Amino acid sequence: MIQNDLFLRAHLGQPIERYPVWLMRQAGRILPEYRAVRSKLSGFKELVETPEFATEVSIQPVDLLGVDAAIIFSDILVIPEAMGLPYQMIENKGPWFENTIRSQAQFDLLDAQIDVADRLWYVFEALKQTKLALNGRVPLIGFAGAPWTILCYMVEGKGSKTFSESRKLLYTQPKLAHQLLERITEVTIEYLKGQLASGADALQLFDSWAGILGQEQYEEFGLSYIEKICQAFEGIPFTVFSKGAVASLAQISNLSCSTIGLDWNMSMTMARSLVKESKTLQGNLDPCALYGSSDSIIKETKNLLNSFKSPRHIVNLGHGVYPDIDPEKVKIFINTVKNYEISNI
Ligand code: CP3
């Protein structure tokens, strides 16, 4: 039994007393308590791969910020690594892969059959320990990267402004792209099933690079694989966050998921006109709004809440919280949502 299950009820369209709120990237550098744990370790990967530490930082935002859901501390890049493409997280620079997948020969070097439970044991163990530590206070979110975004890192080998190597592949070797997306999709389904079995109450797919594809390309190389994943989890609270894909919102609305994550490009009113009433919307305050004064944060948050016309909302930012945001400002955002009168809906 979960004491505060507002987040799960909002996913499924059940009655709620107030809107639930959490933040993408809440388990991370905004909290001095996170930085304290992290500074004792060799690096980001040790934190991800040590269930005791991952548990500690997953719980921190629940205790310190009062969010309505915990998200497991991990990264989307554990999947390429489990498939045979290890990465490093370079301080102040981001991810870096020694090998990339830009040819059939490189694809053939990936591990053909992998035991997900064996390779990603540390994520499953962290979920089990976090579930115990939460003691039913709030739901626990599991996650993965969407296949297109994972392909981007496997092809590029690092972050990029344009991901032009990845987009090039779609024109030069579309069959290879489909083969890779298919493989990522299979592993991701098994991985998310393992997360549910280990205690996750809800799931989210992060498609951070959805917005760099044309609409038709996103349908072919993005949404078709996301739909395969959604179909494996029907009935489970499941969010698809396709960042920047406003042009595809009507197609995204047809996915077999309960909830659609939105960035701040589109107003909630406009988004709702394109998305079915039977879907929950998550988002979408501009993360930069939290740099504003307390009064400005309260005003912006209330404007967002006033734009909701149904109970099918989960409040969040439109992307991950930026690391230099003052946690006190985050609390103002959270408390504004918590104090908002539900009679307005
Ligand atoms: O949301 C949470 O609090 C849970 C933890 C979480 C992390 N990464 C921890 C992290 C989640 C959900 C992610 C998802 C993720 N990882 C995405 C999708 C969301 C998005 O932001 O678009 C992507 C694209 C990645 C890949 C990744 N991980 C990059 C590009 C980087 C470097 C840039 C950066 O933010 O530093 C990371 C590192 C990372 N993942 C950090 C954290 C807390 C910072 C590393 C550190 O603590 O030193």
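**Exercise 1. The ligand and its surroundings**

Find out how many residues surround the ligand, and which are the closest.

*Solution.* Start at the ligand and look outward: 22 residues surround it, and the closest are R25, Y34, R38, S208 and H319. Keep in mind as you explore that this is a predicted model.

Next, look at individual atoms. For R25, the atom to pick is a backbone N or O, which lies 2.7 Å from an oxygen atom of the ligand. For R29, choose a polar side-chain atom instead; the distance to a ligand oxygen is 2.9 Å. S208 also uses a polar side-chain atom, placed 2.5 Å from an oxygen atom of the ligand. Finally, turn to surface area: the ligand taken alone exposes 870 Å², and 87% of that is buried by the protein.

**Exercise 2. Following helix 4**

Trace helix 4 (residues 51–65) and work out where it bends, which of its residues are buried, and what they pack against.

*Solution.* Begin with the length. Helix 4 has 15 residues and spans 22 Å from first C-alpha to last, close to the expected 21 Å.

Now follow its course. At I59 the helix bends by about 30 degrees, and the proline P61 comes within four residues after that point.

Then check burial. The buried residues are P51, A54, T55, V57, S58, I59, Q60, P61, V62 and L65. I59, where the bend sits, is thus on the buried list, as is P61.

What do these residues pack against? Their partners are helix 2 (32–39), helix 3 (44–49), strand 1 (70–71), helix 8 (121–134) and helix 16 (327–338).

To finish, step past the end of the helix, where G66 follows with a positive phi, near 80 degrees.

**Exercise 3. An enclosed helix**

Explain why helix 9 (residues 147–156) is described as largely enclosed by the rest of the structure.

*Solution.* Go through the helix residue by residue. P147, W148, T149, I150 and L151 are among the buried ones, and C152, Y153, M154, V155 and E156 are on the list too. Ten of the ten residues are therefore buried, so the helix is largely enclosed. Just beyond it comes G157, whose phi is positive, near 85 degrees.

**Exercise 4. Two residues of helix 15**

Decide whether T301 is buried or exposed, do the same for L305, and list what each one touches, leaving out residues up to four places away in sequence.

*Solution.* First, locate them: T301 is found in helix 15, and L305 lies in that helix, which covers residues 294–306.

Second, apply the cut-off: buried means under 20% relative accessible area. T301 counts as buried because its relative accessibility is 0%. L305 counts as buried because its value is 1%.

Third, collect the contacts. T301 touches L285, F333, T336 and V337. L305 touches Y19, V315, T336, V337 and Y340. T336 and V337 appear on both lists.

Last, compare sequence with space: L305 and I342 are 37 residues apart in sequence, yet their C-alpha atoms are 9.7 Å apart.

**Exercise 5. A serine in a loop**

Place S310 in the chain, and find which backbone nitrogen lies 3.0 Å from a polar atom of its side chain.

*Solution.* S310 sits in the loop between helix 15 and strand 9 (313–317). Its relative accessibility is 11%, so S310 counts as buried. The backbone nitrogen you want belongs to R312. As a last step, look far along the chain: G13 is 297 residues away from S310, but their C-alpha atoms are separated by 9.3 Å.

How values were computed. Residues numbered from 1 in each chain as written. Predicted model: local features only at pLDDT ≥ 70, side-chain atom pairs only at ≥ 80, totals over all residues. Heavy atoms only, no water. Helix = DSSP H or I, 4+ residues; strand = E, 2+ residues; numbered from the N terminus. Expected span 1.5 Å × (residues − 1). Bend = angle between axes of the 7 residues up to and from the residue. Buried < 20%, exposed > 50% of the residue type's maximum accessible area, 1.4 Å probe, protein only. Contact = heavy atoms within 4.5 Å. Near = heavy atom within 4 Å. Polar contact = N/O pair within 3.5 Å; in protein donor to acceptor, adjacent residues only side chain to side chain. Areas by Shrake-Rupley, 256 points an atom, 1.4 Å probe, with all protein chains shown as cover.
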